[in-house]
Amino acid sequence: MKKSGILALCGVTTALSVVLMLFEGLVSIASIAIPALAGCLLIPIVAEAGIGYALGAYGATGLLSLLLVPDREAALIYLLFFGYYPVLFAVLSKIRQPALRWITKLALFNGAAVLEAVLAISLLGVSPQEFTQLPFVGAYGPAVLLGLANVVFILYDFALAGLITQYYQRFRRIVKRFLQR
């Protein structure tokens with residue numbers, strides 16, 4: 001594999017991720033879905049170039065998102081979880097005991113979710129009521145919201161595993177051909 005091809009792959013992926021993050025401004029209800037999709041674009045870099053290059057692309061995308069994306073909370077969500085989780089997925093998948101693997105994944109997600117809420121309130125000026133007052137649950141709003149977020153994360157994890165499988169089965173040949181040039 002040529003180093004120039006790998007760098008081109010990282011650059012194109014970073015550019016696509018930033019453009020995708022910019023689209024979040026058009027569809028403001030997608031402030032979690034767009035960062036999750038942008039993170040999934042790192043799958044080919046992890047597969048073809050390794051974790052180091054993928055973390056570099058994640059860092060570049062995160063920095064550019066903080067500078068360019070109008071929705072700072074979406075950029076924060078990308079930086080605190082969805083940007084690096086597809087990179088760590090390969091590492092976490094090597095944990096042999098399923099219970100320990102899921103405990104680690106859920107602890108990582110919950111830590112990032114709580115940190116995102118704290119930073120959104122303290123740095124971005126998001127109203128604490130957005131995290132505490134859900135009309136149907138009252139004072140249990142934060143716990144219910146975190147529980148629902150865990151369900152969505154588990155679904156995301158299974159979807160990410162499926163995307164990685166599809167990449168290896170269908171798209172890897174195309175990317176490898178691009179990198180051989």
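## A tour of the helical chain, starting at a pocket

Start with α9, which supplies six residues to the lining of the second largest pocket, the largest share. Keep in mind that you are looking at a predicted model.

**Stop 1: the second largest pocket.** Select α1 (3–23), α3 (43–48) and α9 (141–180); each of these helices gives at least two residues to the lining. Now centre the view on Cys40, Leu41, Ile43, Pro44 and Tyr167. Of the 14 lining residues, these lie nearest the centre of the pocket. The space inside comes to about 240 Å³. Colour the lining by residue class. You should find 12 nonpolar and two polar residues, with no charged residue in the lining.

**Stop 2: the whole chain.** Zoom out and switch to a cartoon view. What does the secondary structure come to? Nine helices and zero strands. Followed along the sequence, the pattern is α-α-α-α-α-α-α-α-α. Show the C-alpha trace next. Along its principal axes, the trace spans about 60 × 40 × 25 Å. The radius of gyration is 17 Å, which agrees with the value near 16 Å for a compact globule of 181 residues. Colour by accessibility: 39% of the 181 residues count as buried. Then draw the contacts between residues at least 6 apart in sequence. Of these, 70% join residues at least 24 apart.

**Stop 3: helix α5.** Select residues 72–82. Is this helix mostly covered or mostly open? Mostly covered: nine of its 11 residues are buried. The buried set is Glu73, Ala74, Ala75, Leu76, Ile77, Tyr78, Leu80, Phe81 and Phe82. Go to the N-terminal end of α5 and show side chains. Asp71 caps this end. One of its side-chain oxygens lies 3.1 Å from the backbone nitrogen of Glu73.

**Stop 4: Val46.** Go back to α3, the helix that holds Val46. Is Val46 buried or exposed? Its relative accessibility is 18%, so Val46 counts as buried; the cut-off is under 20%. Pick out what Val46 touches beyond four places in sequence: Ala54, Pro86 and Val87. Add a distance label from Val46 to Ala90. These two are 44 residues apart in sequence, yet their C-alpha atoms are 8.4 Å apart.

**Stop 5: Ile51.** Move on to α4 (residues 51–68), where Ile51 is found. Its relative accessible area is 33%, so Ile51 is partly exposed. Leave out the neighbours within four places in sequence and list the contacts of Ile51. They are Val87 and Val91. Val87 has come up before, as a residue that Val46 touches. Finish with a label from Ile51 to Leu76, which is one of the buried residues of α5. How many residues lie between the two positions in sequence terms, and how far apart are they in space? Ile51 and Leu76 are 25 residues apart in sequence and 21 Å apart, C-alpha to C-alpha.

Definitions and conventions: Residues are numbered from 1 along each chain as its sequence is written. This is a predicted model: local features need pLDDT of at least 70, side-chain atom pairs count only at pLDDT 80 or more; totals for chains, interfaces and linings use all residues. Side-chain values use heavy atoms; hydrogens and water are left out. Buried means under 20% relative accessible area, exposed over 50%, partly exposed in between (1.4 Å probe, protein chains only). Helices (H or I, at least four residues) and strands (E, at least two) are DSSP runs, numbered from the N terminus. A polar contact is a pair of N or O atoms within 3.5 Å; within protein, one must be able to donate a hydrogen and the other to accept it, and residues adjacent in sequence count only if both atoms are side-chain atoms. On a 1 Å grid over the protein atoms alone, a cavity is a set of points where a 1.4 Å probe fits but cannot get out, and a pocket is an open set with protein on both sides within 12 Å along at least five of seven lines; lining residues have an atom within 4 Å of a point. Grid points are joined across faces, edges and corners, and a volume is the space filled by probe spheres set on the points. Ala, Val, Leu, Ile, Met, Phe, Trp, Tyr, Cys and Pro count as nonpolar, Asp, Glu, Lys and Arg as charged, and the others, Gly among them, as polar. The radius of gyration is taken over C-alpha atoms; the globule rule is 2.2 Å times the number of residues to the power 0.38. Contact means heavy atoms within 4.5 Å.
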